[in-house]
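Thank you all for coming; I would like to walk through one structure this morning, slowly enough that each term can be explained when it comes up. Please keep the picture in view while I talk.

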Amino acid sequence: MTTTFALPPETVTRLDYGMLRRVMVTLAMVLVVLSPLAPDPMAIAIGAFVPAVCVSIINTPTMPAAMFFFLFWQWMQTFARAIQGIVDGMPMSRSVYGAAVEDAYWYMMASIVVLAIAIRLVLGKIPAPTERNRLAHLNWRPVDVFMVYLASFVLNLVCLQIIRFVPSLYQQFDALGKLKTAILLLLFANVLGHNRGYQFLFAALGIELVMGFTGLLAEFRGVFIVLAMSALAARVKWSPITTGFAVMWAVALLSLALFWTAVKQDYRSIATQEDAFREEVTQEITASFEDRAGFIAGRILNPDDIDWGDAAYALVARLAYVDIFGAVASVAAFSKDEAPFLEQWGDALSHVFQPRFLFPNKPSLVDTAVFLKLTKADPTEFVRLSTSISVGYMGENFADMGFPGMLVGIFIVGSVIALVARYFMTLKLPWMLREALVMGFVFTVAGTGVEASLPKILGATVMFFVVYALVVKFAFPTGLRWLNSRSEQAQELEDRIRRSQQQNRSEEHTSELQSHLNLVCRLLLEK
């Protein structure tokens, strides 16, 4: 009698929403244990579970990876305020705007959960792709996708120059320039899926870091975000090696963020060639690339000149965006003036549906002006500092509807963003290209997180949809044909080489066999 054993099927851990949920729950448990040490223990303990709740809500097999970035980035900007309280050593309620800041913290946490619900309702039932469509991007060679990335990089530079000379076309060409973000995700997913071609991944990473650190904004962080989201979109196999790379990714991002926070003020002064005698402060780069790169290199070579403690606090304080909302809530609580009904939404919709090329005299919506109106701040201070600041779309919704009425406006914002994402996820394109388009879209409308104003979110959403509906129809077919033809040519060449090698081996085998037969015949004749 023989005994058979049923072996359990091999399980592979992959980076997907299920794994993210486990990671978020683990992170929350760690923070709960540490929360009694904080001035606001409840803000830490309850706020820590918001990412796990959001991931649980949006956890579906076809949920775009960019939706996790959208929610997690806004949670970080909110939760950072509780971390700042630990550094300050005092609760949020004792800050400048008092209890209004603590209220704003909870309003923002509730808003993030509402956004997750809106996303799930709109994107929860996207049809799953076929296996062939899901892996279609792996038919392309990494070198060819890298060439497409270089083309998108050049396109982005052209768009920036057009925006510089024709500011009224900002939204159109800013959206078009974000094609680079989409192609970056496609390149990274292609390399990670093939597990080869890493030289192209690191080349793109290097290009983005150099360009990010020589601009005025911290654009270097974008490439790290896209890399992480590409790993989620590709559902990469998780292993100890992957864990090591994830730790390296986190350390590199944090180190670069600290470095940029420490040097950005001096760097921007050099880049724009500001001085104390100039009254006008511009946001235009006037210094040469060599001067800017030289300044950055000098600081890298002399890290001891940087106060890393101050940089860490400044990074947390800059990341946290609750106090500005708190300022709006504080003014609303004590103001006796009745604001016009849905004033912020009215201004936003009016701005979006009056394109500047049709309404050239349309007044510009300045974030600082809205901030001054809603917070009653001293305008001379911000004019003197040439500071641009936004109360963010959450603060604007609160100014219009208060709490909990603001959650209706938040739900509408989340639904609009999810509807456009759904449009791209249901196109007849390779699945990873759909993921890439949604990543470019989310980075356009929500790259600044809760700082984005209502007009910018709604305007960028409409413009991105219009621009890429045209790009997908008229430009993508050519690009896809080129990638497919390059792949087919490479495959034909490999097949020819393989057949040639097989033929050569066959001829060598025949020749060797003939030699053996001749030797046998000669031996027989000699006998």
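The chain has 23 helices and zero strands, where helices (H or I, at least four residues) and strands (E, at least two) are DSSP runs numbered from the N terminus. I should say early on that this is a predicted model, in which local features need pLDDT of at least 70 and side-chain atom pairs count only at pLDDT 80 or more, while totals for chains, interfaces and linings use all residues. Residues are numbered from 1 along each chain as its sequence is written, and side-chain values use heavy atoms, with hydrogens and water left out.

Let me begin with the chain as a whole. Of its 527 residues, 45% count as buried; buried means under 20% relative accessible area, exposed means over 50%, and partly exposed is in between, with a 1.4 Å probe and protein chains only. The chain exposes about 27800 Å², and carbon and sulfur atoms supply 64% of that area, as computed by the Shrake-Rupley method with a 1.4 Å probe, where for residues only the protein chains shown count as cover. If we take the contacts with a separation of 6 or more, 79% of them are between residues 24 or more positions apart, and contact here means heavy atoms within 4.5 Å.

A single residue can illustrate this, and my choice is cysteine 54, which sits in helix H3, residues 50-58. Is cysteine 54 buried or exposed? Its relative accessibility is 3%, so cysteine 54 counts as buried. Leaving aside neighbours within four places in sequence, cysteine 54 touches Leu71, Ile112, Val113 and Ala116. Cysteine 54 and valine 114 are 60 residues apart in sequence, yet 8.9 Å apart in space, C-alpha to C-alpha.

Next, the salt bridges. Side chains of opposite charge can pair when their charged atoms come close. How many salt bridges does the structure hold? There are eight, a salt bridge being a side-chain nitrogen of Lys or Arg within 4 Å of a carboxyl oxygen of Asp or Glu.

One of them is formed by the side chains of aspartate 323 and arginine 81, at 2.5 Å from N to O. This pair links distant parts of the chain, with aspartate 323 in helix H15 (residues 322-334) and arginine 81 in helix H4 (residues 66-88), 242 residues apart. Aspartate 323 is partly exposed, with a relative accessible area of 24%, whereas arginine 81, at 3%, counts as buried.

Another salt bridge joins arginine 134 and glutamate 131, whose closest N and O atoms are 2.5 Å apart. Because these two residues are three apart in helix H6 (residues 131-134), about one helical turn separates them.

A further one connects aspartate 144 with arginine 141, at 3.0 Å from N to O, and salt bridges that share partners join Arg141, Asp144 and Arg486 into one network. Within that network, aspartate 144 is buried at 0% relative accessibility, while arginine 141 is partly exposed at 26%.

Now to how helices meet. Two packed helices are described by the angle between their axes and the distance between the axes. The axes of helix H16 (residues 343-352) and helix H19 (residues 392-401) come within 7 Å and cross at roughly 125 degrees; axes are lines fitted to C-alpha atoms, for helices over the stretch in contact, and angles run from 0 to 180 degrees between N-to-C directions. H16 and H19 are therefore oblique to each other, since angles under 35 degrees count as roughly parallel, over 145 as roughly antiparallel, 65 to 115 as roughly perpendicular and the rest as oblique. At this crossing, Glu343, Gln344 and Trp345 of H16 meet Glu396, Asn397, Asp400 and Met401 of H19.

Staying with H19, the loop between H19 and helix H20 (406-425) contains proline 404, and a cis peptide bond, with omega about 10 degrees, joins phenylalanine 403 to proline 404.

I will finish on the surface, where Leu349, Phe353, Val462, Phe465, Val466, Leu470 and Phe474 make a nonpolar patch of about 660 Å². Patches are made of residues with over 30% relative accessible area and no salt bridge, like charges being joined within 9 Å and nonpolar side chains (Val, Leu, Ile, Met, Phe, Trp, Tyr) within 5 Å. Helix H22 (residues 454-474) gives the largest share of this patch, five residues, and valine 466, which is in H22, is partly exposed with a relative accessible area of 40%.
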